[in-house]
Amino acid sequence: MKIDNYEEMLELILDHSHEGVVLCDHQGKIRYFNRIYGETFGLSASKDIGKHITEIFPDARIPIVARTGTPEFGVIYRWKGQKLVVNRIPVKEKGRVIGVLTQVLFRDIAELRELSEKVNALQTKINIIGAELRQYFQAKYDLDDIIGDSQPILELKSQVRKHAHSSLPVLILGESGTGKELFAHALHRLSPRAKRAFMVINCAAIPKELMESELFGYEPGAFTGAAQKGRIGKLELVEGGTLFFDEIGDMPLEMQAKILRVIEEKEVTKVGASKPVPVHFALIAATNREIEALVQKESFRSDLYYRINAIVLKIPPLRDRKEDIPPIAQHFAACSECNPSQRPIRFADEVFSVLREHDWPGNVRELKNIVNFALHNLASDESLIRIDHLPLSFLKKRQESPFSPSPLPLKKVIRNKEKEILQEALRATSGNKIAAAKLLGISRSVFYEKLQR
Ligand SMILES: Nc1ncnc2c1ncn2[C@@H]1O[C@H](COP(=O)(O)OP(=O)(O)OP(=O)(O)O)[C@@H](O)[C@H]1O
Ligand SMILES: [Mg+2]
């Protein structure tokens, strides 16, 4: 067979195409269709060319596309119970629509549909994951949420402002309850990554055997018990956000080696996968352990330590910045978490003297608990926190002290002790008053009455 006529060649191509093609002019009159289009819709060139497309398909959108000049791609067109995929493309000359070329895909519709369903399902999943990420993996605190005007706190805040824009790893050190997590949140919030995820990995809380899949994710069926669809690890999920390795001093040695590799190579390989994928994140780590001593003892890798300590924020214990106690106590007394009814609360001056005498081994967390305790101890019509609202441990210390003014009357001491026991029971029953009353072997009404006193 010889093909030398250009028009014949074009017709040959179009007639051997597996997709239907129809060309209409700008008014919507049919000017051409190829063989498969004619066969499928029962058209013949002699009879149908020149007809308006709506004479054949009353709901045809070709006239609309001709009018608007806007193409439509991948539109599903229902015809005799079949779904066809249609592209409608305006043909323009010098900016004016002179016709509309329509392509109709007849074959493999089922396959296409399957593919489109898969894409839709994936899109839905991505949307869900995105929404979850935003909801769960967000930094909650700003620098303003960190209360305290002591020199070390002001200095730390200015360091945070200075370094937040870099992507260098930050190591936050400090005793338990000093506010390390708070500083990590604030650092992320001030960084260029603020709108991205802030993902916390608590190295002390995740069991060693789960940590790898939590961080790296795994391929479907990577190990017995692996979820069928596999899992994306946090290192991948964080996508340009911040990873906060909390309690990094407790990270198992084996995992330390793996994390070091991720930091250095900036890629992760899922458990059971053969190829790594690139990952992007900034790193903040925190620990209340003496990390240098851990390095000396070789229970923390020195190479990882030097990788994560580019910037070190050392938060001093509360006993070394006692001037922060009154503002922090006032902050807790006013915050909705501790004071849900939001009634105005004041502190008697001697309360602050007592609080200053304490050593605060549990730091700010302990102070928060004490304020919470005192708030629960207030009668509903009281708004001034006095010494006798504080837990017995404080009062005892004061009574034993030779400088203590006057010891409390026995009745008051007993009442305080009672309150402490009630609070303890409430804590043990996660705040369930009925269960707490049962635990103490008293009736519900007595429990309520004692709690109100
Ligand atoms: N300067 C502060 N201002 C207000 N709240 C604070 C401050 N420091 C700590 N807190 C509060 O005290 C509690 C303990 O803080 P955080 O969890 O940040 O401590 P941490 O150093 O991470 O302790 P741990 O080592 O035990 O994990 C939290 O409720 C936190 O909001
Ligand atoms: Mg913490």
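Helix 18 (residues 410–428) makes a handy starting point in this predicted model: at 1.5 Å a residue its 19 residues should span 27 Å, and its end C-alpha atoms do sit 27 Å apart, so the two agree. The expected span here is 1.5 Å times one less than the number of residues in the helix, and helices (H or I, at least four residues) and strands (E, at least two) are DSSP runs, numbered from the N terminus. Several residues of helix 18 are buried, namely Val 413, Asn 416, Lys 419, Glu 420, Leu 422, Gln 423, Ala 425 and Leu 426. Buried means under 20% relative accessible area, exposed means over 50%, and partly exposed falls in between (1.4 Å probe, protein chains only). An α-helix has 3.6 residues a turn, so residues three or four places apart point the same way. After helix 18 comes Ser 430, with a positive phi near 50 degrees.

A little further along, Ala 435 belongs to helix 19 (residues 433–440). With 28% relative accessibility, Ala 435 counts as partly exposed. Its C-alpha atom is 8.4 Å from that of Ala 425, 10 residues away along the chain, and Ala 425 is one of the buried residues of helix 18.

As for the bookkeeping, residues are numbered from 1 along each chain as its sequence is written, while chains are lettered from A and ligands numbered from 1 in the order in which they are written. Because this is a predicted model, local features need pLDDT of at least 70 and side-chain atom pairs count only at pLDDT 80 or more, whereas totals for chains, interfaces and linings use all residues; side-chain values use heavy atoms, with hydrogens and water left out.

Stepping back to the whole chain, there are 20 helices and 16 strands. The radius of gyration is 35 Å, well over the 22 Å that the globule rule gives for 453 residues, so the chain is more spread out than a compact globule. That radius is taken over C-alpha atoms, and the rule is 2.2 Å times the number of residues to the power 0.38. Along its principal axes, the C-alpha trace spans about 115 × 55 × 50 Å. Buried residues make up 42% of the 453. Of the contacts (heavy atoms within 4.5 Å) with a separation of 6 or more, 61% come from residues 24 or more positions apart.

Turning to the N-terminal numbering, Ala 66 lies in helix 5 (residues 62–68) and, at 10% relative accessibility, counts as buried. Leaving aside residues up to four places away in sequence, Ala 66 touches His 26, Val 97 and Val 100. The C-alpha atoms of Ala 66 and Lys 92 are 9.5 Å apart, with their positions 26 residues apart along the chain. Leu 84, in strand 4 (residues 82–93), is buried too, with a relative accessible area of 0%. Leu 84 and Leu 105 are 21 residues apart in sequence, yet 6.0 Å apart in space, C-alpha to C-alpha.

Two glutamates flank strand 10 (242–246). Glu 239 sits in the loop between helix 10 (234–237) and strand 10, and its phi is positive, near 40 degrees, though the residue is not a glycine. At 51% relative accessibility, Glu 239 counts as exposed. Glu 247, in the loop between strand 10 and helix 11 (253–265), likewise has a positive phi, about 55 degrees, without being a glycine.
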